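Grab a pencil and try each exercise yourself before you read its solution. Keep the 3D view open while you work.

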Amino acid sequence: MSGSEVNIIYNGHIKMPYNWSVGETGSRFFAELRDNQKIWGTRCPDCGTVFLPPRKNCPVCMVQIKEWVEIEPKGTLETYTAVSYDSPVMPKVEGPLIYGIVKLDGADTGLVHLLGEINPDDIRIGMRVEAVFKPETSGNILDIAYFKPSR
Ligand SMILES: [Zn+2]
């Protein structure tokens, strides 16, 4: 046996509480999700790109962004993947965990999120989807439970 055939796995367990500021832009974005179930992006004053998730600075124009734009909770699925195994770092859902990149109407960038209420075999790139909010919101990205098929 050579060394390259050996693969020893150590299963450790670290639990460490921490606090992390989401910043001024993130705070407003998450507060709108929590308090109003609204999705907001930001628009660059130079190139007009609408960012979702919102950005404080445009990475192309290198300018500060101050304009907020309300984004429709409906959009188009750009791509997706289905994960059929469990991992402690992934949300627990029934069936396969399906991630997608959704470009919501009014935004120029895609939002990575979960897809739900759909059979993986029925998913198509380009299909219309809409946000489903959790009944109880707490100010994080999972206040949107998932995106489901829409007309
Ligand atoms: Zn720009």
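Below are some exercises on this predicted model, each with a worked solution.

**Exercise 1: The overall layout**

Work out which elements the chain contains and how the chain's radius of gyration compares with that of a compact globule.

*Solution.*
- Step 1: Count the elements. You should find one helix and eight strands.
- Step 2: Read them off from the N terminus, and you get α-β-β-β-β-β-β-β-β.
- Step 3: Look at the radius of gyration. A compact globule of 151 residues would come out near 15 Å, but this chain has 19 Å.
- Step 4: Look at the box around the C-alpha atoms. Along the principal axes, that box is roughly 60 × 35 × 35 Å.
- Step 5: Check burial and contacts. Buried residues are 21% of the 151 residues. Take the contacts between residues at least 6 apart in sequence: 51% of them join residues at least 24 apart.

**Exercise 2: The helix**

Find how far α1 reaches from its first C-alpha to its last, and set that against the expected span.

*Solution.*
- Step 1: Count the residues: α1 has 14.
- Step 2: At 1.5 Å a residue, the expected value is 20 Å. You multiply by one less than the number of residues, because that is how the expected span is defined.
- Step 3: Compare. The helix reaches 19 Å, which is close to the expected value.
- Step 4: Step just past the end of α1, where Q37 takes a positive phi of about 50 degrees.

**Exercise 3: The open sheet**

Give the strand order of the open three-stranded sheet and say which strands are at its edges.

*Solution.*
- Step 1: Trace the order, which is β2-β1-β3, with antiparallel pairing.
- Step 2: Spot the edges. They are β2 (50-51) and β3 (67-71), each of which pairs on one side only.
- Step 3: Follow β1 (residues 39-43) to β3: five bridges join this antiparallel pair. One partnership to look for is I39 with I71 in β3.
- Step 4: Now go from β1 to β2. Two bridges join these antiparallel strands, and R43 stands opposite V50.
- Step 5: Check the turn. β1 and β2 make a hairpin with six residues between them, and G48 in that turn has a positive phi of about 80 degrees.

**Exercise 4: Two strands, two burial patterns**

Which side chains are buried on each face of β1, and which on each face of β5?

*Solution.*
- Step 1: Start with β1, where five of the five residues are buried. I39, G41 and R43 cover one side, while W40 and T42 are on the other.
- Step 2: Move to β5 (residues 97-104), where the side chains alternate. I98, G100, V102 and L104 point to one face and are buried. L97, Y99, I101 and K103 point to the other face and are not buried.
- Step 3: Look at the neighbours of β5. β4 (residues 74-83) pairs with β5 in the antiparallel sense over eight bridges, and L77 has V102 as its bridge partner. β6 (residues 111-115) also pairs antiparallel with β5, over five bridges, and I101 stands opposite V112 there.
- Step 4: In the hairpin of β5 and β6, there are six residues between the strands, and G106 has a positive phi near 100 degrees.

**Exercise 5: The core**

Find how many residues the largest nonpolar core has and which of them have the most contacts inside it.

*Solution.*
- Step 1: Count the members: there are 23.
- Step 2: Pick out the ones with the most contacts inside the core. They are I39, L52, I71, V102, L104, L115 and F147.
- Step 3: See who contributes. The elements giving two or more residues are α1 (23-36), β1, β2, β4, β5, β6, β7 (128-133) and β8 (144-149).
- Step 4: Zoom in on I71. Leaving out residues up to four places away in sequence, I71 touches I39, W40, G41, L52, L104, G106 and A107.

**Exercise 6: Odd spots in the loops**

Are M62 and E117 buried or exposed?

*Solution.*
- Step 1: Locate M62, in the loop between β2 and β3. Its phi is near 60 degrees, a positive value in a residue other than glycine.
- Step 2: Count its neighbours. M62 is exposed, because just 9 other C-beta atoms lie within 10 Å and the cut-off for exposed is 12 or fewer.
- Step 3: Locate E117, in the loop between β6 and β7. E117 is not a glycine either, yet has a positive phi of about 55 degrees.
- Step 4: E117 has 11 C-beta neighbours inside 10 Å, so E117 counts as exposed.
- Step 5: Finish with P53, found in the loop between β2 and β3. The peptide bond from L52 to P53 is cis, with omega near 0 degrees.

Terms used. Residues numbered from 1 in each chain as written. Predicted model: local features only at pLDDT ≥ 70, side-chain atom pairs only at ≥ 80, totals over all residues. Helix = DSSP H or I, 4+ residues; strand = E, 2+ residues; numbered from the N terminus. Rg over C-alpha atoms; globule rule 2.2 N^0.38 Å. Buried ≥ 20, exposed ≤ 12 C-beta atoms within 10 Å, placed from the backbone. Contact = placed C-beta atoms within 7 Å. Pairing = 2+ DSSP bridges. Core = buried A, V, L, I, M, F, W, Y, C linked by C-beta atoms within 7 Å.
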